[in-house]
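Hi,

Here is the structure I promised to pass on. Have a look at it first, and then read my notes underneath.

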Amino acid sequence: MSSPANRRPALLDLPIDLLREIFDQLSPADNIVFATTCRAVRNCAGRGQFPADAEENQEQRFEVLASMCRDMPDRWVCEECMRLHRIDTADTPADSSPTCPLADAYGRFNQPLQLAPADEYELGRRHVQLALKYTRLGDSLRPSHRQYLQRLTAARQFSLSYAWEKKAAITAKVAPRIVDGRFLLRTICEYRLPSRPVTRDLIASESVCRHQQFFPLEDGAWTSSSLHQDLRQFPRAVGESFASPGKEVRGHCPHCFTDFSVTTTARSVRISVWMDLGTESSPLDPVWRSFVHIAEFPPVEEVEYIEPGRVRELYSSGEEGEE
Ligand SMILES: [Zn+2]
Ligand SMILES: [Zn+2]
């Protein structure tokens with residue numbers, strides 16, 4: 001009787017032609033990962049090969065790293081170096097320090113998401129990747145990883161004052177949430193002037209995403225085309241909000257998964273933003289690229305957000321009695 005260690009995997013008892021047919025169905029990335037499982041598989045299937053096309057090759061390499069990293073809680077995939085890096089549990093969005101030799105310049109792929117409290121909260125793709133992985137691994141996590149997950153998804157609050165510029169007091173609250181395997185982020189910014197009523201200038205050049213920015217003195221001439229209308233969802237909501245104080249005016253960005261709302265009163269402007277940053281994928285994912293500028297790639301607009309309110313609703317569905 002053979003011991004379990006010596007037993008041949010049942011898969012390898014299949015006729016070789018049938019096996020080849022199975023291997024042919026796998027993606028090059030899956031073939032390469034499969035070939036790392038044991039010598040018998042490698043002998044039968046070969047080592048697998050990356051495609052010759054450079055761009056496809058790069059994507060396949062990412063896929064191999066991601067597959068290998070799926071169940072490794074101590075590693076994250078760095079697309080910049082094409083390697084797995086060891087995690088550093090001190091590296092969080094509130095104190096961002098990627099464990100990558102190329103981290104100083106952030107490179108092409110480690111660029112963080114830029115939010116309103118820009119210097120205080122730098123969410124990187126690795127934070128998203130690790131938080132989603134830990135959530136998926138769930139009960140099998142060690143306490144240290146569970147604590148790291150809590151820090152990666154912790155809500156933060158910041159008080160910012162631009163006294164030299166607008167004499168405004170700004171409170172920003174950032175609260176990540178994972179729902180249905182997607183990383184969602186809600187940001188609420190409140191702008192106040194201590195001694196006088198608010199004006200539009202208070203939120204001049206503020207934005208809700210890469211596509212929606214507010215300029216109070218905008219020349220209306222260039223904005224008549226439908227493409228530019230798409231980019232004016234936030235300015236439109238700001239205008240409507242100043243025209244109807246106290247009412248929450250809702251909007252969305254057609255070029256990324258973002259819902260937002262603006263509420264203006266005599267004393268404050270409140271801007272709430274809900275973002276869906278996508279699933280456990282690489283920085284090449286169009287969903288992530290729609291939020292973060294990656295110099296390597298032209299600013300293609302691949303994401304079309306045609307279900308306004310979906311992200312906000314999904315975020316609230318994960319509340320479960322919190323707040
Ligand atoms: Zn790296
Ligand atoms: Zn957008």
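Below is what I found in it, going from the whole chain down to single residues.

**The chain as a whole**

First, please keep in mind that this is a predicted model. The mean pLDDT of the chain is 84, and 83% of its residues reach 70 or more. If you sort the elements by confidence, strand E9 (residues 258–264) comes out with the highest mean pLDDT, at 98, and helix H3 (residues 39–45) with the lowest, at 70. There are ten helices and ten strands in the chain. It has 323 residues, and 31% of them are buried. Of the contacts with a separation of 6 or more, 51% are between residues 24 or more positions apart.

**The six-stranded sheet**

The part I'd open first is an open sheet of six strands, in the order E5-E6-E7-E10-E9-E8, with antiparallel pairing. Its edges are strand E5 (156–161) and E8, each of which pairs on one side only. From one strand to the next the twist averages 15°. As a reminder, strands of a sheet pair through backbone hydrogen bonds, either parallel or antiparallel.

At the E5 edge, E5 pairs with strand E6 (residues 169–179) over six bridges, in the antiparallel sense. If you want a landmark there, Ser-161 stands opposite Ala-169 in E6.

Towards the other edge, E9 has a partner on each side:

- Strand E8 (residues 248–253) pairs with E9 in the antiparallel sense over six bridges, and the two form a hairpin with four residues between them.
- Strand E10 (residues 268–276) is joined to E9 by seven bridges, and these two also run antiparallel. Here the hairpin goes through three residues, and Thr-263 has Arg-270 in E10 as its bridge partner.

How enclosed is E9 by the rest of the structure? Largely so, because six of its seven residues are buried. Helix H8 (residues 233–243) lies across E8 and E9, and it runs at about 175° to E8.

**Val-249, on the edge strand**

Val-249 is in strand E8, and its bridge partner in E9 is Val-262. Is Val-249 buried or partly exposed? Val-249 has 18 other C-beta atoms within 10 Å, and a residue needs 20 or more to count as buried, so it is partly exposed. Leaving out residues up to four places away in sequence, Val-249 touches Ala-237, Glu-240, Ser-241, Ser-261 and Val-262. Arg-236 is 13 residues from Val-249 in sequence, and their C-alpha atoms are 9.6 Å apart.

**The nonpolar core**

The largest nonpolar core has 53 residues, and those with the most contacts inside it are Ala-131, Leu-184, Val-208, Ile-271, Met-275, Leu-277 and Phe-291. Both domain 2 (69–149) and domain 3 (155–317) supply at least three residues to this core. Phe-291 is a good one to click on: not counting residues up to four places away in sequence, Phe-291 touches Leu-113, Cys-209, Arg-210, Cys-256, Met-275 and Leu-277.

**Pro-197, out in a loop**

For a contrast with the core, go to Pro-197, in the loop between strand E7 (182–192) and helix H7 (226–230). Pro-197 has 10 other C-beta atoms within 10 Å, and 12 or fewer counts as exposed, so this proline is exposed. Even so, Pro-197 touches Ala-266 and Arg-267, with residues up to four places away in sequence left out. Thr-265 is 68 residues away from Pro-197 in sequence, yet the two are 8.5 Å apart in space, C-alpha to C-alpha.

**A small hairpin elsewhere**

One last thing to look at is the hairpin of strand E1 (residues 75–78) and strand E2 (residues 83–86), which pair in the antiparallel sense over four bridges. Arg-75 stands opposite Arg-86 in E2. Four residues separate the two strands, and Met-82 in the turn has a positive phi of about 55°.

Shout if anything is unclear when you go through it.

Cheers

Methods. Residues numbered from 1 in each chain as written. Chains lettered and ligands numbered in written order. Predicted model: local features only at pLDDT ≥ 70, side-chain atom pairs only at ≥ 80, totals over all residues. Contact = placed C-beta atoms within 7 Å. pLDDT = per-residue confidence, 0-100. Core = buried A, V, L, I, M, F, W, Y, C linked by C-beta atoms within 7 Å. Domains from an automatic or database assignment. Pairing = 2+ DSSP bridges. Axes fitted to C-alpha atoms, helices over the stretch in contact; angles between N-to-C directions.
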